[in-house]
Amino acid sequence: MLETATTHPGSAWLISAVPSALLLAIMLLVLVVLRGQLVAALRQIQARMVGRSTTIDPALLWLPTLIDPGRVALLVSAALLGVAGILGLVLPLPLALLLALPATAALLGAGLAYAKARYIHALDRDLTAAVGRLSALLKSGSGFRIAIERILRDMPSSPLRDEWAYLLTRQGANLNSGGIATPQQVVVALGLQTLSQRHATLLSHLSVAVAQPQDVLARRCEAAYNAIQDSDRRREEAATELAQMRYSGIAVGLAGILMAIYLTFTQWERVLIAYQTPLGLIVGVLVVSALLLPIIGGFVLARADDVDY
């Protein structure tokens, strides 16, 4: 904040930016030195976010990679430095650093939640076609393992490919409880750990039939494929009906944003006076959130899911 007696206000901001620059340099040095610990902590955060069942043998544990921890560490560092630098221009440095930590944590939580939702969406998107091919291969006489191998051979890199590869790599693993992992145990373990409820329902259905004769497994897989198709059809119909919620949210949100932009340009001096104080910054965040809530709410309310198959 500049005083009224400042002789060169055009370049005086450079002087006020020196403390913030020093703070950013110190934080950057700390983040570089502690990068390994930050990556390890982010791995633990992802593991807690996914959740692990204590009933699963350690040899059958599965931890999906929502996002590369090294990339997350880089993004978290950039976000922390950016938020602290911006706040340091208008707030005392201790307060800026104190507010930057929870703001960065909120951004990290939102980013991981988005990565988890994207992972689940990718699983559900590829599931129907993969189950359909699995059903066709089983009906043609291929065994469960051979059918999975043929599907993985032609499947591009995706979350579903990683999880179905788990079904092959963990078969025959030495269990801590003794013995080796059977196909049925592996299917059950993946069903307890996958993030997609639809995929978990399918694996729970198949786990009963994996150890049964070929014709029983083929019929069960065919029944699951037909049920998934019906589920997809119901979900698409529901999404079509709920699309009005999304469009209404977008319309209301955009109307509020356009009005706020118009008032900002026509009354710029009043906006500066209102939002240049610490309390004004908090109110500004609340105002922006209120403008975005109709859009976010429209998308959330327009979501449809169906796992009753």
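These questions and answers walk through a predicted model.

Reader: Which helix gives the largest share of the largest nonpolar core?

Author: The core has 47 residues. Several helices give two or more residues to it, among them H3 (69-88), H5 (144-154) and H9 (214-266). The largest share is 11 residues, and it comes from H4.

Reader: Which residues is Leu134 in contact with, leaving aside its neighbours within four places in sequence?

Author: Leu134 is one of the residues with the most contacts inside the largest nonpolar core. Phe144 and Trp164 are also on that list. Leaving aside neighbours within four places in sequence, the contacts of Leu134 are Phe144, Ala147, Ile148, Ile151, Trp164, Leu206 and Cys221.

Reader: Which helix gives the most to the nonpolar surface patch?

Author: The patch covers about 540 Å². Its makers are Tyr275, Leu279, Ile282, Val283, Leu286 and Val287. Five residues come from one helix, spanning residues 278-301: H11.

Reader: Is Val283 buried, partly exposed or exposed?

Author: Val283 sits in helix H11. Buried means under 20% relative accessible area, and exposed means over 50%. Val283 has 35%, so it is partly exposed.

Reader: Is His121 buried or exposed?

Author: His121 lies in helix H4. Exposed means over 50% relative accessible area. The value for His121 is 52%, so this residue is exposed.

Reader: How many Å apart in space are His121 and Pro159, C-alpha to C-alpha?

Author: In sequence, 38 residues separate His121 and Pro159. In space, their C-alpha to C-alpha distance is 9.6 Å.

Methods:
Residues numbered from 1 in each chain as written. Predicted model: local features only at pLDDT ≥ 70, side-chain atom pairs only at ≥ 80, totals over all residues. Heavy atoms only, no water. Core = buried A, V, L, I, M, F, W, Y, C linked by side-chain atoms within 4.5 Å. Buried < 20%, exposed > 50% of the residue type's maximum accessible area, 1.4 Å probe, protein only. Helix = DSSP H or I, 4+ residues; strand = E, 2+ residues; numbered from the N terminus. Contact = heavy atoms within 4.5 Å. Patch = residues over 30% accessible without salt bridge, like charges linked within 9 Å, V, L, I, M, F, W, Y side chains within 5 Å. Areas by Shrake-Rupley, 256 points an atom, 1.4 Å probe, with all protein chains shown as cover. Salt bridge = Lys/Arg side-chain N within 4 Å of Asp/Glu carboxyl O.
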